[in-house]
Amino acid sequence: MTTAAAPATNTRVLADIIARPSSRARAFAIDAGLVLAGVAVVALLAKVSFFIGPIPITGQTLGVILVGAALGSARGAAAMTTYMFVGLLGLPVFAGPVAGPAYLLAPSFGFILGFIPAAFVAGWFAERAWDRKPLLAFAGFVIASVIPFVIGIPYMAFILSTVMGQDISPAGVLNAGLLPFIVPGLIKAGFAALLIPGAWALVRRVDAAKKR
């Protein structure tokens, strides 16, 4: 199996297993394809959603973690930035049927913004080999999963109170934007912490078989 040259200061991520041509143009094309694949993964998982209030429980966070860990920090963040702009252009990639520029005023848009640094952080941990062992992967993925809430909850509160004119309280904000998501978030981080190290274990087995 041919592997890509990883950045000098970082460990390779799963995407670096793909053979990379010497041509910059072809290497860029591969990276662009990986970024678009990341967009597609999160868009598909966004449709696995349960609307329990202004913020739905979705598979997006799982997708963000998987994409960030598999692609690395830069490509993961690029994928989530592309995902955000594709949705704002009107493609139905977000949870539910609503997309386009008006989504800026949706209570959940702050979480979309938070996906960008979350993917970066998941990739950052992966570049330091935290994604090879389930416990380390789980710790890194939980940290990455927290980031959308740091951005999303204040954004949600602002939209609900200022744009929608709702009378909200701190307890109401937490009940709408945080508490229902803690257990699902831990489950998604745990699933990713099994899937990504499992993928690495498969890579190691394939590499070992090729050396025999």
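This talk walks through two helices, one cavity, one pocket and a few single residues of the structure shown above.

Good morning. Please keep in mind throughout that this is a predicted model.

I shall begin with helix 2, which runs over residues 60–71. How long should its twelve residues be, at 1.5 Å a residue? The expected span is 16 Å, and the end C-alpha atoms are indeed 16 Å apart, so the two values agree. Is this helix mostly covered or mostly open? It is mostly covered, with twelve of its twelve residues buried. Among them are Gln60, Thr61, Gly63, Gly68 and Leu71. The elements that cover these buried residues include helix 1, at 24–46, together with strand 2, helix 3, helix 4, helix 5 and helix 7. Just after helix 2 comes glycine 72, which has a positive phi, near 95 degrees.

One residue of this helix deserves a separate word. Threonine 61 lies in helix 2. Its relative accessibility is 15%, and because the limit for buried is under 20%, threonine 61 counts as buried. Which residues does threonine 61 touch, once neighbours within four places in sequence are left aside? The contacts are Phe115, Ser145 and Lys188. As for distances, threonine 61 and phenylalanine 50 are eleven residues apart in sequence, and their C-alpha atoms are 13 Å apart in space.

Threonine 61 also leads us to the cavity. How many cavities of 30 Å³ or more does a search of the whole structure find? The search finds one. The volume of this largest cavity is about 220 Å³. Its lining consists of 19 residues, and those nearest its centre are Pro56, Thr58, Gln60, Thr61 and Phe115. Several elements contribute to the lining: strand 2, at 57–58, helix 2, helix 4, helix 5 and helix 7 each supply at least two residues. Sorted by class, the lining has twelve nonpolar residues, six polar ones and one charged one.

Next, helix 5, which covers residues 134–163. With 30 residues at 1.5 Å each, helix 5 should span 44 Å; its end C-alpha atoms are 42 Å apart, which agrees. Where does this helix bend? The bend is at glycine 152, by about 30 degrees, and proline 154 follows within four residues. After helix 5 comes glycine 165, with a positive phi near 70 degrees.

Helix 5 also takes part in a pocket. The second largest pocket has a volume of about 150 Å³. Helix 5 and helix 7, the latter at 182–211, each supply at least two residues of its lining. The lining residues include Val142, Ser145, Val146 and Phe149, as well as Leu178, Phe181 and Ile182. By class, eight are nonpolar, two are polar and none is charged.

Let us look at one of these lining residues, valine 146, which is placed in helix 5. Valine 146 is partly exposed, with a relative accessible area of 43%. Leucine 178, another residue of the pocket lining, is 32 residues away from valine 146 in sequence, with 9.9 Å between their C-alpha atoms.

Three further residues complete the picture. Proline 107 sits in the loop between helix 3, at 73–88, and helix 4, at 109–126. Is proline 107 buried or exposed? Proline 107 is buried, with a relative accessible area of 10%. Leaving aside neighbours within four places in sequence, its contacts include Pro54 and Ile55, and also Gly152, Tyr155 and Met156. Gly152 is the residue at which helix 5 bends. Between proline 107 and leucine 45 there are 19 Å, C-alpha to C-alpha, and the two are 62 residues apart in sequence.

Tryptophan 124 belongs to helix 4. At 36% relative accessibility, tryptophan 124 counts as partly exposed. Its C-alpha atom is separated by 9.7 Å from that of threonine 11, although the two are 113 residues apart along the chain.

Finally, alanine 129 lies in the loop between helix 4 and helix 5. What is notable about its phi? The phi of alanine 129 is positive, about 70 degrees, although this residue is not a glycine. Alanine 129 counts as partly exposed, at 25% relative accessibility.

Thank you for your attention.

Notes: Residues numbered from 1 in each chain as written. Predicted model: local features only at pLDDT ≥ 70, side-chain atom pairs only at ≥ 80, totals over all residues. Heavy atoms only, no water. Buried < 20%, exposed > 50% of the residue type's maximum accessible area, 1.4 Å probe, protein only. Contact = heavy atoms within 4.5 Å. 1 Å grid on protein atoms, 1.4 Å probe; cavity = no way out; pocket = protein on both sides within 12 Å on 5 of 7 lines; lining within 4 Å. Points joined across faces, edges and corners; volume = space filled by probe spheres on them. Nonpolar A, V, L, I, M, F, W, Y, C, P; charged D, E, K, R; others polar. Expected span 1.5 Å × (residues − 1). Bend = angle between axes of the 7 residues up to and from the residue.
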